[in-house]
Amino acid sequence: ATPISIMVGVGRGAQEGVLIKDAEVLETLEKIDTIVVDKTGTLTQGRPKLTECIAVDSDTEDELLRMAGSLEQQSEHPLARAIVEGAQARNLALPAPHDFDSITGGGVRGSIDGTKVLIGNRPLLEDNGVNNVSALNERAVGLQQQGRTVMFVAVDGVFVGLIAVSDPLKDSTPEAVKALHGLGLRIIMLTGDNEHTARTVAEQLGIDEFEAGVSPEDKHERIKALKAGGRKVAMAGDGINDAPALAAADVGVAMGTGTDIAIESSGVTLVKGDLRGIVKAVTLSRHTMRNIR
Ligand code: ADP
Ligand code: MG
């Protein structure tokens, strides 16, 4: 039978927006020593907004944004929504693309009015033989160092420009990170985003361990490796991409604001997506388990 104090603990969590799936999860939380966090939608608000559109030929910016916006209408990625909304805000008419295809962790491709368009991170364009991707390199790195996510656009195999979006931190994130460190936990940030952007966000928060350019499978592998090394790992994430890693962790922590699959894969759900909920969950577990002994 479940000790009454565990049921009380689970109930107390629920009152504060921290949904703990069962007694076992509450027990495991006491032993957690490492928190792995996804960046986008977990540390950040996850609702990126278009901030820059820079064309190689500076008078073609609207055309660049029109192409990108057209293609991204078919993508469900938060980055895609930012581009579509940015294009609509400039009153650009967005035709439907053909032959749309999305490359997980990389970007999207398709054709618009018979032209082939490819949008995504730098490795995606390079892997597809686009060879002048560094034409705007200083601008790109400068934006990434401000914490922006930069996407590169090629038309018919030629690099034509970049699009940057900003995804601010949740107001509660800095305090949550401090409190997690205060509990003696090690924090590791994993992101599909690039190195410069990841470093800027990690430095803002005082997180000293991060990995950039991480694919969903890599996130999952990383969790397994940490566990194999003897760590007790909680993983916090929000996306479809995070689900395998959430399920592999000793305790998965989903943002209630995230996808259903992330929530289903997790032992804890933070109703409002506020990471201070992990602090509450761990503290609650430590108190509850101490009372039982
Ligand atoms: P994240 O961890 O940021 O959610 P993803 O693995 O989903 O990362 O994506 C990694 C990178 O791939 C993004 O930072 C972006 O550069 C690129 N990308 C993914 N989806 C798209 C898209 N729909 N349009 C443009 N770029 C994309
Ligand atoms: Mg995410």
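Tutor: Take two packed helices, one in front of the other: the crossing is left-handed if the near helix is turned anticlockwise from the far one by less than a right angle, and right-handed if clockwise. The model shown here is predicted.

Student: Which crossing does α4 make as it passes α5, left-handed or right-handed?

Tutor: Helix α4 passes α5 in a left-handed crossing.

Student: What else describes a pair of packed helices?

Tutor: Two packed helices are described by the angle between their axes and the distance between those axes. Here α4, residues 61-72, packs on α5 at an angle of about 130 degrees, and the two axes are 8 Å apart. That angle makes α4 oblique to α5.

Student: Which residues of α4 and α5 meet?

Tutor: On the α4 side they are L65, R66, A68, G69 and E72. From α5 come A80, I83, V84, G86 and A87. By class, this contact of α4 with α5 holds six nonpolar, two polar and two charged residues.

Student: Now helix α13. At what angle does α1 pack against it?

Tutor: Helix α1 (residues 4-15) and helix α13 (residues 276-292) pack at about 160 degrees, with axes 10 Å apart. Angles over 145 degrees count as roughly antiparallel, and α1 and α13 are therefore roughly antiparallel to each other. The crossing of α1 past α13 is right-handed.

Student: Which residues of α1 and α13 meet?

Tutor: S5, I6, G9, R12 and G13 of α1 face K280, A281, L284, T288, N291 and I292 of α13. In the contact of α1 with α13, four residues are nonpolar, five polar and two charged.

Student: And how do α8 and α13 lie, roughly parallel or roughly antiparallel?

Tutor: Start with the numbers: helix α8 (residues 173-182) packs on α13 at an angle of about 30 degrees, and the axes are 8 Å apart. Angles under 35 degrees count as roughly parallel, and α8 and α13 are therefore roughly parallel to each other. In this contact, E175, A176, A179 and L180 belong to α8, while R276, I278 and V279 belong to α13. The classes for α8 with α13 are five nonpolar, no polar and two charged.

Student: Beyond helix pairs, into which domains is the protein divided?

Tutor: The division is into domain 1 (4-45 + 169-292) and domain 2 (49-166). Their C-alpha centres lie 31 Å apart. Where the domains touch, eleven residues of domain 1 are in contact with eleven residues of domain 2. On the domain 1 side of that contact, α3 (39-43) and α9 (195-205) each supply at least two residues. The largest share of that side, four residues, is from α9. Its residues divide into two nonpolar, eight polar and one charged.

Student: Where does ligand 1 lie with respect to the domains?

Tutor: To place a ligand, ask which parts of the protein give residues to the shell around it. Domain 1 and domain 2 both contribute to the shell around ligand 1, so ligand 1 lies between them.

Student: How many residues are around ligand 1, and which come nearest?

Tutor: There are 20 residues around ligand 1, and H77, G105, G107, N121 and G192 come nearest. Four elements each supply at least two residues of the shell: α5 (78-89), β5 (107-112), β6 (115-120) and β7 (149-155).

Student: What classes make up the shell around ligand 1?

Tutor: The shell has five nonpolar, 13 polar and two charged residues. Helix α5 thus appears twice in our reading: it meets α4, and it supplies residues to the shell around ligand 1.

How values were computed
Residues numbered from 1 in each chain as written. Chains lettered and ligands numbered in written order. Predicted model: local features only at pLDDT ≥ 70, side-chain atom pairs only at ≥ 80, totals over all residues. Axes fitted to C-alpha atoms, helices over the stretch in contact; angles between N-to-C directions. Parallel < 35°, antiparallel > 145°, perpendicular 65-115°, else oblique. Contact = placed C-beta atoms within 7 Å. Nonpolar A, V, L, I, M, F, W, Y, C, P; charged D, E, K, R; others polar. Near = placed C-beta within 6 Å. Domains from an automatic or database assignment.
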